[in-house]
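Reader: Could you take me through one part of this model up close? I'd like to hear how the pieces there sit against each other.

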Amino acid sequence: MQTIVIVGGGAGGLELAASLGGHLGKKKQAKIILVDRNPNHIWKPLLHEVATGSLDMSIDGVSYRAHSGQHHYQFQLGTMTGMDASAKCIQLAAVDDEYGVQVLPERTIRYDTLVMAVGSVSNDFGTPGVAEHSYFLDSHQQAERFQRGLLNSFMRINQQGSDKKLRLAIVGGGATGVELAAELTHVANLLKQYGMPDMSSSRLQVDLLEAGPSILPALPPRISQAARRELQRLGIIVHENTRVTRADEDGYVDQNDDLIAADLMVWAAGVKAPDFIRELGYFELGRGGQIVVKPGLQSSVDDNVWVLGDCAACQQPDGSWVPPRAQSAHQMASHIAANIRRQMKGKAVKPYFYKDHGSLVNLSRYSTVGSLMGNLSGGTMFVEGKIARLMYMSLYRMHQLSIHGWLKGMCLILAQKVGHMVQPKIKLH
């Protein structure tokens with residue numbers, strides 16, 4: 001029986017595991033193994049809500065072990081550290097608990113088909129001081145670490161004079177930075193309901209720093225302009241054409257040697273593939289360390305290795321590169337699942353073509369802006385407000401339905417809605 005190993009349980013990796021488990025694992029036609037360094041999954045576009053406490057991982061996260069038992073695949077907790085392509089196996093590092101006691105030893109997993117779905121991490125471009133003084137939001141552990149620091153800072157500021165402000169600086173005017181800035185304002189206003197009566201967004205100063213001429217540079221100008229207006233209305237200071245040259249304990253320093261003072265600093269600028277991919281020394285790599293793939297999403301050096309999501313360097317016929325977005329990972333997962341099943345039936349692999357359905361940026365509860373692309377609009381259609389927010393939330397709901405199935409997915413969505421009605425609106429621990 002063929003063994004299919006998927007490394008990375010992000011949006012694409014988990015959807016692929018659920019799909020292959022339902023089609024091949026359930027029928028005992030293949031053994032599906034999902035490997036991830038974390039025991040739980042959260043949809044990455046929502047990490048900024050985990051970081052502010054708007055989303056609780058213990059409630060909204062998905063346990064890989066529980067999910068695997070329901071969807072006919074196996075889960076292995078571990079971090080990939082190496083691979084032997086000739087022997088068709090990967091190596092996993094040992095897993096220790098929080099006290100340094102070994103839970104799982106180093107292991108080797110054999111595969112017939114390997115899928116690399118390891119996503120991306122923030123790229124600080126080697127900027128001095130950034131790694132030492134900044135928070136990153138690449139994983140739910142990092143997001144939860146920031147949330148604890150944020151909550152402690154809010155409590156400290158609440159005890160001080162009313163003229164004292166909490167200063168936050170966010171580097172990166174992409175979707176993560178923009179959405180985080182708006183969500184921080186929303187959370188600051190909520191805290192007065194939970195034992196901090198003197199706290200509000202007026203005691204919060206958020207500086208959003210973008211190196212390029214405009215925030216949301218990958219989106220149409222109309223969207224970025226609408227987002228900028230909304231952020232400024234919320235009191236967020238938007239710095240465009242501002243390149244950070246270094247960071248220290250006082251804040252970020254720009255190209256003009258001006259200091260943007262901050263009590264908390266977040267780096268959300270730029271992405272790259274995890275460094276261990278380059279250290280493997282096996283794959284052909286593109287910009288940002290991504291694995292170069294063939295049109296069908298097999299790696300350029302090995303047809304037994306497929307690649308999806310942010311770690312894939314996939315060039316389209318028009319010369320453009322598939323962007324690192326959740327919709328890309330979703331499409332790639334569906335395409336690889338179909339291609340693997342075709343391959344098992346002796347059929348040829350089909351090429352992948354990215355379909356851009358538009359982009360949406362959620363500015364917390366205040367607004368949502370974006371564009372829709374496709375046959376419905378006959379091109380590009382600008383959307384904002386409640387309709388845009390409904391569409392934004394539907395993307396997450398579609399992900400839930402993809403990994404849980406329609407019946408379980410709808411029950412889970414309903415249960416989460418009921419739970420959010422009776423639970424605090426933010427995580428307070």
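Author: Sure. A quick definition before anything else: helices and strands here are DSSP runs, numbered from the N terminus, and two strands count as paired if DSSP finds at least two bridges between them. Keep in mind that this is a predicted model.

With that in hand, look at Val-7, whose bridge partner in strand 11 is Met-116. Strand 1 (residues 2-7) and strand 11 (residues 113-116) run parallel, paired over 4 bridges. Both belong to an open sheet of 6 strands with mixed pairing, in the order 5-2-1-11-23-22. At the edges you'll find strand 5 (74-77) and strand 22 (298-299), each pairing on one side only.

Now for what packs on that sheet. Helix 1 (residues 11-25) touches strand 1, strand 2 (30-36) and strand 11, and its direction makes about 165° with that of strand 2. Helix 10 (residues 326-344) lies across strand 1, strand 2, strand 11, strand 22 and strand 23 (302-307), at about 155° to strand 23.

Stay with helix 1 for a moment. Its 15 residues should span 21 Å at 1.5 Å a residue, and the end C-alpha atoms are 19 Å apart, which agrees. How many of its residues are buried? The count is 12 of 15, so helix 1 is mostly covered, taking buried to mean under 20% relative accessible area. Among the buried ones are Leu-14, Glu-15, Leu-16, Leu-20 and Leu-24, along with Gly-12, Gly-13, Gly-21 and Gly-25.

How values were computed: Residues are numbered from 1 along each chain as its sequence is written. This is a predicted model: local features need pLDDT of at least 70, side-chain atom pairs count only at pLDDT 80 or more; totals for chains, interfaces and linings use all residues. Side-chain values use heavy atoms; hydrogens and water are left out. Helices (H or I, at least four residues) and strands (E, at least two) are DSSP runs, numbered from the N terminus. Contact means heavy atoms within 4.5 Å. Axes are lines fitted to C-alpha atoms, for helices over the stretch in contact, and angles run from 0 to 180 degrees between N-to-C directions. The expected span of a helix is 1.5 Å times one less than its number of residues. Buried means under 20% relative accessible area, exposed over 50%, partly exposed in between (1.4 Å probe, protein chains only).
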